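Reader: I would like a close look at one part of this model, namely the place where the two chains meet, and then an account of how the chain behind that contact is put together. Please take it step by step, since I will be following along in the structure.

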Amino acid sequence: MRIGIVCPYSWDVPGGVQFHIRDLAEYFIRLGHEVSVLAPADDDTPLPPYVVSAGRAVPVPYNGSVARLNFGFLSAARVRRWLHDGHFDVVHIHEPTSPSLGLLTCWAASGPIVATFHTSNPRSKAMIAAYAILQAALEKISARIAVSEYARRTLVEHLGGDAVVIPNGVDVDFFAKAEPNPDWQGDTIGFIGRIDEPRKGLPVLMRALPRILAARPQTRLLVAGRGDEEEAVESLPAELRSRVEFLGMVSDEDKARFLRSVDLYVAPNTGGESFGIILVEAMSAGAPVLASDLDAFAQVLDQGAAGELFPNEDSDALADAAVRLLGDPERRAELRERGSAHVRRFDWSTVGADILSVYETVTDGTTAVAAAEDGRAPGLRARFGLARD
Amino acid sequence: MTATLIWIFVALVAIGLYLSWTAGRLDRLHTRIDAARAALDAQLLRRASVAQELATSGVLDPAASIVLYEAAHAARQAEEEQREVAESELSQALRAVFAEHAQVEVVREVPGGEAATHELTEAVRRVPMARRFHNDAVGAARRLREHRKVRWFRLAGHAPVPSSFEMDDEPPAALADRTG
């Protein structure tokens, strides 16, 4: 099958959606499919052979922060050329509502289009204003995928229509087979995420730390992720600061080893999560998980059966649960076991097969994807008899 | 005077273009529904065929074979109006037969059983998918058709109002389990 995948975010900036697309593309290539990924990228960044650059993304203020987006005449022309040259059986667009490559592809393509909705942001003002335009573009999507039941619900409420739920994929064995690092073992709590992004919840964990250390003084908190380390420990009494170790940005291998080593993985995120891939990675590595009870997290953790949940932003509850779990090796072993079994459904072998089922379902009754002008849907010019053949 | 006429002309052309664009949108949606319906039909047929094959293979006990054969046969032969009911009954029959993991294991062990189980698992997973995509397209078309501009200018032409396909498509527990 010839598969075209559209990535809305810069390939050179690491992020969940980019990793998802990279793993998905490589999974399909291993199965022998032809895959081409269209992604924004600087012209001088080295790209894997299956990625086609759509030009440099431009930073513009959008939706309350600065987003790097691709739009305008040149990008549209590149999208059209990619569609025309690719002769794809199916095009898979990620994040089609972001005003970037995804939306441009929706405009330009005709034929089987699959779209994955990753975030579950409430509808923005811009989206309400552009609703009619957006709706016309989204109508072309034959199959919608939401990454969680929660993301599906927001999608149904804000845009109407329906979607199938297929979770994000993880290479479970990569994490399950990583070698633990003795430096990171022994009464350790792990946290991975941007330090200076409050929604990742490090401040909640920092507030809980004095209470955890009062009960178990030998505990260490290991933090992997970039951000200002001084600022992160500011709220902590000076004598406790030595119990926090910052590892900075870690490689994929180190992340797996990190998750294999820690005695407890804590995800205190306060919001803005639509899936929670890190929890799946932690469970794959066999780390007992303690997470805030966000909708998305509760779903990934099977409503608390595969990992423990605490009330969002409640650092006392977090501290109590952490102390209890650290002092109860049997409960942790139980969580490890349940997590490892539960996580199989998120393995690429399952997730990839499901996504392929979606492709095959939508291509069953139709022809291949074409750039709209040369497809069978008549363009404006064709409708007035002006099309040139 | 001429200026007013020109403006009226420009406005009329703009409205015409807009209506033509909307008609194109509607046309595209109807094409999408046709494709989705064809895909759904294919999946339903595939499911009924695999079920019927299993029922006649002699792998299942006689009672289960009869129940499954009846339901699969009825689903394949059903008239358009009874289709939703017949397909729902096939779902129920499949759930009744494959309620236990043990039953799936029995089928797996016979020669060719692995392939048959795989086909059935695929089929019961794809039917809900195809149905959701179909109903999503139908919903989008209906929302657009309810719009004033579409009704007043009869942009939908003679195309019948599309209807969604409602059925019970819950897969059997033993086949839907993804932890294995």
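Author: Two residues are taken to be in contact if their C-beta atoms, placed from the backbone, lie within 7 Å. The model is a predicted one, and by that criterion the contact between the chains takes 24 residues from chain A and 26 residues from chain B. On the side of chain A that touches chain B, the elements that give two or more residues are strand S9 (143-146), helix H14 (329-342) and helix H15 (348-363) of chain A. The largest share comes from H15(A), with five residues, and by class this side of chain A divides into seven nonpolar, nine polar and eight charged residues.

To place these elements, it helps to turn to the domains. The domain assignment of chain A gives domain 1 (2-169 + 348-383) and domain 2 (172-344), and the centres of the two, taken over C-alpha atoms, are separated by 32 Å. Eleven residues of domain 1 of chain A are in contact with six residues of domain 2 of chain A. Helix H6(A) supplies the largest share of the domain 1 side of that contact, three residues, and the same side has four nonpolar, six polar and one charged residues by class.

Strand S9(A), already met at the contact with chain B, belongs to an open sheet of seven strands in chain A, whose order is S3-S2-S1-S6-S8-S9-S10 and whose pairing is parallel. At its edges stand strand S3 (51-53) and strand S10 (164-165) of chain A, each of which pairs on one side only. Strand S2 (residues 34-39) of chain A runs parallel to S3(A) and is joined to S3(A) by three bridges, with A:Ala39 standing opposite A:Ser53 in S3(A). Helix H1 (residues 16-30) of chain A packs on this sheet, where H1 touches strand S1 (2-6), S2 and strand S6 (90-94) of chain A and makes an angle of about 160 degrees with the direction of S2(A). Helix H6 (residues 149-159) of chain A also packs on the sheet, touching strand S8 (113-117), S9 and S10 of chain A, and its direction makes about 130 degrees with that of S9(A).

A second sheet of chain A is open as well, with six strands in the order S13-S12-S11-S14-S15-S16 and parallel pairing. Strand S13 (244-248) and strand S16 (308-310) of chain A each have a single partner strand, so one side of each is left without a neighbour in the sheet. On average, and with direction ignored, neighbouring strands of this sheet are turned by 25 degrees against each other. Within this sheet, strand S11 (residues 188-192) and strand S12 (residues 220-224) of chain A pair in the parallel sense over five bridges, and A:Thr188 has A:Arg220 as its bridge partner in S12(A). Helix H10 (residues 252-261) of chain A packs on the sheet, touching S11, S12 and strand S14 (264-267) of chain A, at about 145 degrees to the direction of S11(A). Helix H13 (residues 315-326) of chain A lies across S11, S14, strand S15 (289-292) and S16 of chain A, and runs at about 155 degrees to S16(A).

Taken as a whole, chain A has 16 helices and 17 strands, and buried residues make up 46% of its 389 residues.

Note on methods. Residues numbered from 1 in each chain as written. Chains lettered and ligands numbered in written order. Predicted model: local features only at pLDDT ≥ 70, side-chain atom pairs only at ≥ 80, totals over all residues. Helix = DSSP H or I, 4+ residues; strand = E, 2+ residues; numbered from the N terminus. Nonpolar A, V, L, I, M, F, W, Y, C, P; charged D, E, K, R; others polar. Pairing = 2+ DSSP bridges. Axes fitted to C-alpha atoms, helices over the stretch in contact; angles between N-to-C directions. Buried ≥ 20, exposed ≤ 12 C-beta atoms within 10 Å, placed from the backbone. Domains from an automatic or database assignment.
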